[in-house]
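Please look through the model below with a bench biochemist's eye. The questions that follow take up its backbone, its helices and its confidence.

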Amino acid sequence: MTAADDTTGANAGAAAEAIAEVTAVAPAVGARKTGTGRAGAADPVYSIQHVSRRYGDLAALDDVSLDIGAGEWVSIVGPSGSGKSTLMNILGCMDSPTEGIVLLEGDRLDKMGEPELATVRRQRIGLVFQQFHLVQHLTAVENVMLAQYYHSIPDEKEALAALERVGMGDRATHLPRELSGGEQQRVCVARALINHPDVILADEPTGNLDETNERIVIDFFHQLHDAGTTLIVVTHDAEVAEQGQRQIILEHGRIAREVTDASATPTKGASGLSSGGTRPGAGDGGAEGAPGAGEAAAGSAPGDGARNAGVSGGPEEDR
Ligand SMILES: Nc1ncnc2c1ncn2[C@@H]1O[C@H](COP(=O)(O)OP(=O)(O)O)[C@@H](O)[C@H]1O
Ligand SMILES: [Mg+2]
């Protein structure tokens with residue numbers, strides 16, 4: 001992949017192809033969410049109905065129906081290959097189902113082509129992936145500002161503030177290679193959040209993190225949840241899964257069962273990560289090391305590779 005020849009700035013232009021999973025946009029940079037008023041499971045944010053995603057004879061998703069309410073924190077668990085990333089890619093506008101209906105706040109995602117999906121992705125969804133997808137030649141703060149750039153106007157002060165919120169203020173001018181995995185993921189979280197999306201989709205967001213960094217990321221998710229953000233988190237980590245109010249357990253592309261945890265704490269705090277929690281039963285197949293089909297499926301989207309999934313939402317599309 002080559003550095004883009006965007007005229008608006010070498011850094012931002014060159015980063016266009018790597019920004020794929022970054023896009024997160026809200027009505028206005030600098031706007032804050034309004035308190036906790038939106039929390040609660042009233043209006044469905046997502047409604048998917050009889051959704052299947054087939055690759056030849058293989059049904060990566062097989063007749064899945066699911067509603068996710070505004071302000072809910074939903075964990076998606078299940079063994080490797082059970083369809084978690086496929087589901088996330090469809091929810092995240094990086095892939096389309098072969099059958100079924102996908103509604104985001106009433107809008108038919110399944111009817112949209114790639115350009116429209118890219119717009120939705122940029123404007124309404126924040127994505128965090130196991131693989132960091134940071135632009136290697138940009139500093140931490142520049143990586144965050146890149147997401148602002150795709151939204152509207154880069155604002156270094158706000159980008160710095162976002163990094164400070166994830167404890168990365170003092171690393172703002174470091175390049176990704178100068179950061180640990182945990183630190184890189186915190187930059188990714190700041191980047192996904194910078195434009196205040198209503199929905200955060202995270203596919204194994206703590207998959208590469210040590211316990212300390214996992215806690216930082218999860219605490220931050222709790223803050224977002226408290227502020228009314230809808231969170232959908234794929235994880236094979238039982239402790240992370242238990243943070244959600246609902247656990248959807250996928251097996252063989254189908255919803256095997258659902259666990260609703262009334263005791264899931266909606267409040268923030270490091271203590272939110274309970275240790276020694278019970279596992280979600282048969283749901284967790286454990287060692288799903290590679291982000292695998294998350295990227296594979298994204299690669300199957302129009303375009304020619306995982307990273308193009310979001311690039312198509314980049315500025316080139318606005319020309
Ligand atoms: N682009 C693709 N082409 C063919 N098969 C795929 C593709 N993406 C995913 N699959 C298959 O679909 C199934 C579900 O994959 P995935 O959603 O990545 O599972 P999970 O994230 O739960 O590990 C797997 O059998 C996987 O091999
Ligand atoms: Mg996966």
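Q: In which strand is the place of His50, and is His50 buried or exposed?
A: His50 belongs to strand β1, residues 44-55, where strands (E, at least two residues) and helices (H or I, at least four) are DSSP runs numbered from the N terminus. Its phi is near 50 degrees, a positive value in a residue other than glycine. A residue is buried if 20 or more other C-beta atoms, placed from the backbone, lie within 10 Å of its own, exposed if 12 or fewer, and partly exposed in between. Because His50 has 12 other C-beta atoms within 10 Å, His50 in strand β1 is exposed.

Q: How far should the model be trusted, and what is the mean pLDDT of the protein?
A: This is a predicted model in which local features need pLDDT of at least 70 and side-chain atom pairs count only at pLDDT 80 or more, while totals for chains, interfaces and linings use all residues. Residues are numbered from 1 along each chain as its sequence is written, and chains are lettered from A and ligands numbered from 1 in the order in which they are written. The pLDDT, which is the predictor's confidence in each residue from 0 to 100, stays under 50 over residues 1-41 and is below 50 over residues 265-319. In the protein, 68% of residues reach 70 or more, and the mean pLDDT is 74.

Q: Which residues of helix α5 are buried, and why do they lie on the same side of α5?
A: The buried residues of α5, which spans residues 156-165, are Ala159, Ala162 and Leu163. They cover an arc of only 100 degrees around the axis, which puts them on the same side of α5; the arc is that of the directions from the helix axis to the C-beta atoms. An α-helix has 3.6 residues a turn, so residues three or four places apart point the same way. What covers these buried residues includes α4 (140-151) and α6 (181-193), and the residues asked for are Ala159, Ala162 and Leu163.

Q: Which residues does Val166 touch, not counting residues up to four places away in sequence?
A: Val166 lies in the loop between α5 and α6, and counts as buried because it has 24 C-beta neighbours inside 10 Å. Val166 and Asp219 are 53 residues apart in sequence, yet 9.2 Å apart in space, C-alpha to C-alpha. Taking two residues to be in contact if their C-beta atoms, placed from the backbone, lie within 7 Å, the residues that Val166 touches are Arg186, Val189, Ala190, Ile216 and Phe220.

Q: At what angle do the axes of α6 and helix α7 cross?
A: Residues of α6, including Arg186 and Val189, meet residues of α7, among them Ile216 and Phe220. Axes are lines fitted to C-alpha atoms, for helices over the stretch in contact, and angles run from 0 to 180 degrees between N-to-C directions. Angles under 35 degrees count as roughly parallel, over 145 as roughly antiparallel, 65 to 115 as roughly perpendicular and the rest as oblique, and α6 and α7 are therefore roughly parallel to each other. The axes of α6 and α7 (residues 211-226) come within 9 Å and cross at roughly 15 degrees.

Q: How many residues of helix α2 are buried?
A: Helix α2 covers residues 84-91 and is mostly covered. Its buried residues include Lys84, Leu87 and Leu91, and α2 is followed by Cys93, whose phi is positive, near 60 degrees. Of the eight residues in α2, the number buried is eight.
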